[in-house]
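Here are a few notes from my pass through this model, written with a fellow modeller in mind. I hope they help you find your way around.

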Amino acid sequence: MSQPLLAPDWQPELDELALRRAQSVALGGETAVAKHHGQGRLTVRERIDGLIDDASFQEIGRLTGQGRYEDGQLHGVTPAPYVMGLARIDGRPVAVGGEDFTVRGGVSWSGDRKKGGQGGFVEDLAHQYRIPLVNLIDGAGGSVTSVQRRGHSVFPGVHGFERSVQLMGEVPVVCAVMGTAAGGPAGRAILSHWSVMVKDSSQVFAAGPPVVERSLGQKITKEELGGHKIAADVAGTIDNVAAGERECFEMIRRYLSYMPSHVWELPPVVMVGDPADRCEDALRTIVPKNRRQPYDMKRLISLVVDRESVFEIQPSFGRAVITCLARMNGKVVGIVANNPAVYGGAIDVKAARKQTHFVELCDTFHIPLVFLVDVPGFMVGRDAEAAATLREGMRSVYVGLQASVPMYTVVIRKCYGMAGMGATDKNGLDLKIAWPSAEWGSLPIEGGVAAAFRREIAEAVDPRAREQEIEAELRAMASPFRTAEAFGVEEIIDPRETRAFLCRFIDAAQGRLQTTVGPKPRYGVRP
Amino acid sequence: MAMNEAKSEVTGSVWKIVSEVGQKLAAGDTVMIIESMKMEIPVIAEDGGEVVEFKVAEGAAVTEGQVVAVLKD
């Protein structure tokens, strides 16, 4: 006689799953979360929710952690201090993860497989699916207590950066430093295409104040050591600074809006209804007649690109050059503009480093570059030489020569020397257009006359007058129109035509850009 | 009465002082002009105020971030 069929009862297992999930949502527990909130900080789950499209988080690894058992019965789970998964930003999939500071300060956790932070599942996800990676960093890295736990010390690189490095040529990587990052998490922040930190509530350094005091006897606060004034403004270790966590999420979304999902496609086109042939009369008068007077290059940029489309990278570092992502007729472009208000736009070591990184970023993601040139050359002087301006400057020239995206040179005023050459597309079409205010050469006339005509000036009845006379003669010959006669510069335009001209060529380059998608080769030895 | 400092953004030399002690400057007015890399870089009174004191004279060398004048609200 057969038994009546009963539906199998999995309720106890489903109850256990619910309990385990609830433990994961509770993070480090009420007390730890309240303390974290009390410092004006969001939890990692709140951060992920604040960053991504509504209800788009598919978490992975919710059950990881350390179970607490009594007589074989589960009493609770301390979750692993890392939360991650798949999400969407502006409708596009992204891999996102972050340390949970409320569990043991977000220190690394040893399971069978890492969730993220330094390699791990979240980085594998970005690599395998070719989607951007966003790291929300809030951890102090390894702890010496792990020696006690394991019974041996771990060789550096057991959880290495190999995947993190690989991602740099494949998908956009954003690192946001949300708290204090030292050691591995600080290093991870640097292995990114773009990084951001939160003003007054985040710091980043190789090692924190206790290690610094022990090693060097220096007493220093963590804000003095690695707050935004050092890490972003002075060192350029981190690119941008957000006023608060919410603004930080907005900036990440904004940055990613300029990026393709991976290097095998072009960035998204977003039309804002700004006519490609818009002319701005203000461009005619923006450059002063007095060539010693600076002007507002940021305003010039905003008059040329699609309205409201400027996103500046590293605004507080290396300010002699301005680097920003923007759009022209909907297509993403990278703007490299010299800033005449900072050392006359001369490229110092910081500006060179900034330009190198930005050119490489744009080249990697197939973003055409527009150089708005007003550069007297590399920075001069003892300090500049001691800082290796020449080497860092030549590195920016080298990287520019290896880049294969279309580049457009618009000479606004000065274009001199090696720094000027670094703003051209020598391996490409080498299209150089100039405003009537433009001037160029191997070095500025006023610096060169005294050296080149030394004897003639010295032997003159009135040496000062003779020097000025020679300067005037040479300056007349230096008119940009004479170079245009020789086709040494391809066009001289009315400044108001700048936008229309560039939009026309950037539109025309789209077909060619589609033929060069994919990872960019890097070869040779950078100087 | 809050005092605020006007700083040179660049290393260079003081080319021309274009304001006077006792003069009331509006926000954005020029205090003096620094010559650097053959450029005239203005020192701006960011919040405006009355010029109390100049810390440098014309021709003096200045370094980046150096206080060149003191203003009061």
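1. A word on terms before the domains: their bounds come from an automatic or database domain assignment. The model itself is predicted. For chain A the assignment gives domain 1 (11-257), domain 2 (282-438 + 489-510) and domain 3 (443-478). Taken over C-alpha atoms, the centres of domain 1 and domain 2 of chain A are separated by 36 Å.

2. Next, the place where these two domains touch. Here 11 residues of domain 1 of chain A are in contact with 12 residues of domain 2 of chain A. On the domain 1 side, the elements that give two or more residues are α10 (228-234), β11 (240-242) and α11 (245-257) of chain A. The residues on that side divide into 4 nonpolar, 4 polar and 3 charged.

3. You may enjoy tracing the open sheet of 7 strands in chain A, which has the order β1-β4-β5-β6-β7-β9-β11 and mixed pairing. At its edges stand β1 (58-60) and β11 of chain A, each with a single partner strand, so one side of each is left without a neighbour in the sheet. Direction ignored, neighbouring strands are turned by 25° against each other on average.

4. Within the sheet, have a look at β7 (residues 173-177) and β9 (residues 194-198) of chain A, which run parallel and are joined by 4 bridges. A:Cys175 stands opposite A:Ser195 in β9(A). As for helices, α11(A) packs on the sheet, touching β4 (82-89), β6, β7, β9 and β11 of chain A, and its direction makes about 170° with that of β9(A). Helix α7 (residues 183-190) of chain A lies across β5 (92-99), β6 (133-137), β7 and β9 of chain A, and runs at about 145° to β6(A).

5. Which residues of helix α22 (residues 498-508) of chain A are buried? They are A:Thr498, A:Arg499, A:Leu502, A:Cys503 and A:Ile506. Seen down the axis of α22(A), these fall within an arc of 115°, so they line one face of the helix. What covers them includes α12 (282-285), α13 (297-304), β13 (321-328) and β16 (407-416) of chain A.

6. Finally, a loop residue: A:Tyr295 lies between α12 and α13 of chain A. A:Tyr295 counts as partly exposed because it has 17 C-beta neighbours inside 10 Å. Leaving out residues up to four places away in sequence, A:Tyr295 touches A:Ile286, A:Val287, A:Pro288 and A:Pro340. A:Tyr295 and A:Ala341 are 46 residues apart in sequence and 6.6 Å apart in space, C-alpha to C-alpha.

Note on methods
Residues are numbered from 1 along each chain as its sequence is written. Chains are lettered from A and ligands numbered from 1 in the order in which they are written. This is a predicted model: local features need pLDDT of at least 70, side-chain atom pairs count only at pLDDT 80 or more; totals for chains, interfaces and linings use all residues. A residue is buried if 20 or more other C-beta atoms lie within 10 Å of its own, exposed if 12 or fewer, and partly exposed in between; C-beta atoms are placed from the backbone. The arc is that of the directions from the helix axis to the C-beta atoms. Two residues are in contact if their C-beta atoms, placed from the backbone, lie within 7 Å. Ala, Val, Leu, Ile, Met, Phe, Trp, Tyr, Cys and Pro count as nonpolar, Asp, Glu, Lys and Arg as charged, and the others, Gly among them, as polar. Two strands pair if DSSP finds at least two bridges between them. Axes are lines fitted to C-alpha atoms, for helices over the stretch in contact, and angles run from 0 to 180 degrees between N-to-C directions.
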